[in-house]
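Student: I should like to learn how such features are read from a set of coordinates. May we work through a model together?

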Amino acid sequence: KKEALSEQCEVESMSVQSNGVSRLHHSGRVSLSLQPALHLLGYELYVASVKKEALSELTHSLLQMLLQLFGRDVEARRNRFFSYTETPTDYSIVADSELILALKSGGAGVHVDVADSRWRPLVVEIGALGALDGISKIAASVIAPLANQNVSIFCLSTNQDDYVLVKDEQLEEALGCLAQRFRVICDSEQPSDKTLIDYVVKHVNYSDLASKLNIPCPARPITHPYSCSNTPYTICSVVPKALPCIAGTILELMFFRARLADDTFFSLTIVEEDISIVMDSRQLQRFPDDALYCSEGVWRLLTIGSGPLGFDECGIVAQVSTPLAQAEISTYYISTFYTDHTLIPSDSVEKALAVLNANKCPWLCGEGEKLSSLGRPLTVITSGSLR
C-alpha cells in the first residue's frame, strides 16, 4: 500500500486534478490506482422548473416526496437522486422519472416545465488531498475536455461530491473523452450501461498517462453576464442519522420561511446518503450543532446568465470554472433550469471577480459596466439563449 501511495503521489504532483487517494463514495471501497476513477451512476434524471407562484399548489406533492426521503429508513433514499434549488425566478428540481411524473400528475402539473433531455450523472474520485474544493478540482480534467468535445453538461456540487450530468444521447461521447484520463467504472445495474463502458474502454489508448493528465486547459472567454450577491452562504452536509430530527426545519426553510430581502437562494441535494444544503448563513442557528458538517468560512453566490441559458450550449461551466481553478480559487457549482450559479469563498471574491472580468468577451467589456463586489448585475443581455 505504501508503494502504491508513493507512486500515486508522483502522479498527483503532475496535476491538481489527481490530488488525492481516490475513494469510491458509493460503495465505501478505497481505490489505490494510479489513474483516478470516473463513475457512471445508474440514475436517469430529468430537470424541471416550478413557477414561483405555483409552489403552493405543488407543496403537498413535494412534501410527500421529501418526507419519504427524510425517513430513518436508509432504504428510502437508496437509488434516489433528488435536488431542489430555489432561485429568484423559480424552483429548479432534478429527479428521476418517477418523482417528476408524481409532480406532473394532477391539475397542478401544468405549472411544471420539464426539459426534453434525460441526463446521466458522472462522479469522479478525487480524494481529500489538495488545496482546492468543489468543482475547481475537476475543471481541467473533466469540465474543459467535455466543453472542447461539445458535450453539454449540467453540474450539481454537494459538500462531498461534484455530479456532472450529461445528456443520454451524448453519454458515449462523454465517456470516450474522459476515458483518456480516468478509469471508467459502471455503478449502474443496466446491462446497456455495462456494454457501453466495455466498448468505450476497449477503444481507448491508456498509454502516456502523465501527458494526458497535463493536457493544457486554456481559458474560454465568458459569453454570459453574471452578478454577485452580498448574501453570506454556507455549504453543509447533513448527518444522515440526524435527518429525521431536522426534517421540519429543512421543510420550513424550503416552503414556509419568512424571507429576508436578500435571501433568495436555497438548495437541497439528496443522493442516497450524500445530503447537502446550501443556505443563507444566518439560518444556521436553526440547526443543532451536531446535525450538520459545514464548509469552512462563508461563500458568496455568483449567478451566470441574465435570462434562460437553455440546455444545448457547451462551455458555460468551463468559462467560469477554468480560470477560477487556474487562479487556485475553490468553487462549488449548481446548475438550474434557467441559470447557473457558482459559490466562491467570501475572502476570494475580489480576486475571483478580477479573474472573471479579465476573461469577459469584448462585447461584455465594451457594453456593460464591470462587475464590482457590490453585487450590481451587468446591464448587458447576450443574444444567446442556450446552455
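Student: Is Tyr 332 buried or exposed, and what is its relative accessible area?

Tutor: The model is a predicted one. In it, Tyr 332 has a relative accessible area of 7%. Buried means under 20%, so Tyr 332 counts as buried. Trp 299 is buried as well, at 4%.

Student: How does one describe the aromatic pair of Trp 299 and Tyr 332?

Tutor: A pair of aromatic rings is described by the distance of the centres and the angle of the planes. For Trp 299 and Tyr 332 the centres are 5.1 Å apart and the planes stand at 85°, an edge-to-face arrangement. Trp 299 belongs to strand E15 (residues 299-304) and Tyr 332 to strand E16 (residues 332-335), so the pair ties together parts that are 33 residues apart in sequence. The whole structure contains 12 aromatic pairs. Trp 119, Phe 154, Phe 311, Phe 337 and Tyr 338 form one aromatic cluster. A ring may also face a charged group: Lys 52 lies over the face of Tyr 91, 4.8 Å from the ring centre.

Student: Which way do the side chains of strand E11 point?

Tutor: In a regular strand the side chains alternate between the two faces of the sheet. In E11, Tyr 233, Ile 235 and Ser 237 point one way, while Thr 234, Cys 236 and Val 238 point the other way. Six of the six residues of E11 (residues 233-238) are buried, and the strand is therefore largely enclosed by the rest of the structure.

Student: Which strands pair with E11?

Tutor: Five bridges join E11 to strand E13 (residues 274-280) in the antiparallel sense, with Cys 236 opposite Ile 277. Strand E14 (residues 292-294) also runs antiparallel to E11, over three bridges, and here Val 238 stands opposite Leu 292.

Student: Which residues of helix H3 are buried, and where do they lie around the axis?

Tutor: An α-helix has 3.6 residues a turn, so residues three or four places apart point the same way. In H3 (residues 97-104), the residues Leu 99, Ile 100 and Leu 103 are buried. They cover an arc of only 100° around the axis, which puts them on the same side of H3. The face turned away from that side carries the exposed residues Glu 98 and Leu 101. Among the elements covering the buried residues are helix H2 (55-69) and strand E3 (81-86).

Student: What is found at the two ends of H3?

Tutor: At the start, a side-chain oxygen of Asp 96 reaches to within 3.1 Å of the backbone nitrogen of Glu 98. After H3 comes Gly 106, with a positive phi near 85°.

Technical notes: Residues are numbered from 1 along each chain as its sequence is written. This is a predicted model: local features need pLDDT of at least 70, side-chain atom pairs count only at pLDDT 80 or more; totals for chains, interfaces and linings use all residues. Side-chain values use heavy atoms; hydrogens and water are left out. Buried means under 20% relative accessible area, exposed over 50%, partly exposed in between (1.4 Å probe, protein chains only). Helices (H or I, at least four residues) and strands (E, at least two) are DSSP runs, numbered from the N terminus. Two strands pair if DSSP finds at least two bridges between them. The arc is that of the directions from the helix axis to the C-beta atoms. Contact means heavy atoms within 4.5 Å. A polar contact is a pair of N or O atoms within 3.5 Å; within protein, one must be able to donate a hydrogen and the other to accept it, and residues adjacent in sequence count only if both atoms are side-chain atoms. Rings of Phe, Tyr and Trp (its six-membered ring) pair if their centres lie within 6.5 Å; planes under 30 degrees apart count as stacked, over 60 as edge-to-face and the rest as tilted. A charge sits over a ring if NZ of Lys or CZ of Arg is within 6 Å of the ring centre and within 35 degrees of the ring normal.
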